[in-house]
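Let us read a sheet together, strand by strand. Have the fold in view before the dialogue starts.

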Amino acid sequence: MSKAAATATDRSDPLTIPTHVAIIMDGNGRWAAARGLPRAEGHRRGVEALRRVVRAANEIGIQYLTIFSFSSENWTRPATEIGDLFGLLRRFIRNDLASLHRDGVCVRVIGEREGLDRDLCAMLDEAQELTRNNTKLNLVVAFNYGSRQEIANAAQRLAREVAEGKRDPATIDVETLGRYLDAPDIPDPDLIIRTSGEQRLSNFLMWQAAYSELVFVPIHWPDFDKAALEGAIAEYARRERRFGGLAAKTGS
């Protein structure tokens, strides 16, 4: 697990920057309802917030940014809303992929591909292939993702290896199972932010979040911006992280 942090050098009051920030982008629908607007407008404004936050993360030196863009549980939503969400993802890739690539962002996608349209899968693959050699911000998109299913998939792969005689069950430990998750090369998140005031993980990175700091902010996702991101990071920087032992400042 990553405990490393980089310190911003372009500020008079430098923040301790976590290596990996993960965000549960919550509250698009409530943002729209509070303004008498359709939910689709809330999702559209949520995409604008995503653009702001990706740009801000790149500017302040975050190395990994994971966003929870579509949960495997979101399939229970009305078909029209799911269609709107998928349409926004398609437009985001078409309109923003070139600028992400130009800014050195490496796009990674985790989650299930089953049930997704072929053209959407092709677009996700294109985004990863085009940006795979970029070395600045790693943007990890959790799409059609559920942490329980991710862990179950890892367990199934290990079980098949045992059944085929390729693995001794005694060799399966925490580190082994972790290597069978969707993106084992990505460090665990130092900080997980959830917007809109809800205080739960909602099946997001539950294995990887074992030692993450959790920050819950009351504002809805469409209003989230660089200042809100820096505020959450400042809260992270004030905490002492013990990891089951003696206290350690996040910047140490």
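**Reading the sheet**

Q: How are the strands ordered in the sheet, and in which sense do they pair?
A: Strands of a sheet pair through backbone hydrogen bonds, in either a parallel or an antiparallel sense. In this predicted model, six strands make an open sheet, ordered 5-6-4-3-7-8, with parallel pairing. Strands (E, at least two residues) and helices (H or I, at least four) are DSSP runs numbered from the N terminus; a pair needs at least two DSSP bridges.

Q: Which strands stand at the edges?
A: Strand 5 (106-110) and strand 8 (213-216). Each has a single partner strand, so one side of each lacks a neighbour in the sheet. From one strand to the next, the twist averages 20 degrees.

Q: How many bridges join strand 3 and strand 7?
A: Four, in the parallel sense, between residues 20-24 and residues 191-194. A22 has I192 of strand 7 as its bridge partner. Strand 7 and strand 8 also pair in parallel over four bridges, and L191 is partnered by E213 in strand 8.

Q: Which strands does helix 7 lie across?
A: Helix 7 (residues 226-238) lies across strand 3, strand 7 and strand 8, at about 135 degrees to strand 7. Angles run from 0 to 180 degrees between N-to-C directions, with axes fitted to C-alpha atoms, for helices over the stretch in contact; contact means heavy atoms within 4.5 Å.

Q: What does the model include?
A: Local features need pLDDT of at least 70, side-chain atom pairs 80 or more, while totals for chains, interfaces and linings use all residues. Numbering starts from 1 along each chain as its sequence is written, and side-chain values use heavy atoms, without hydrogens and water.
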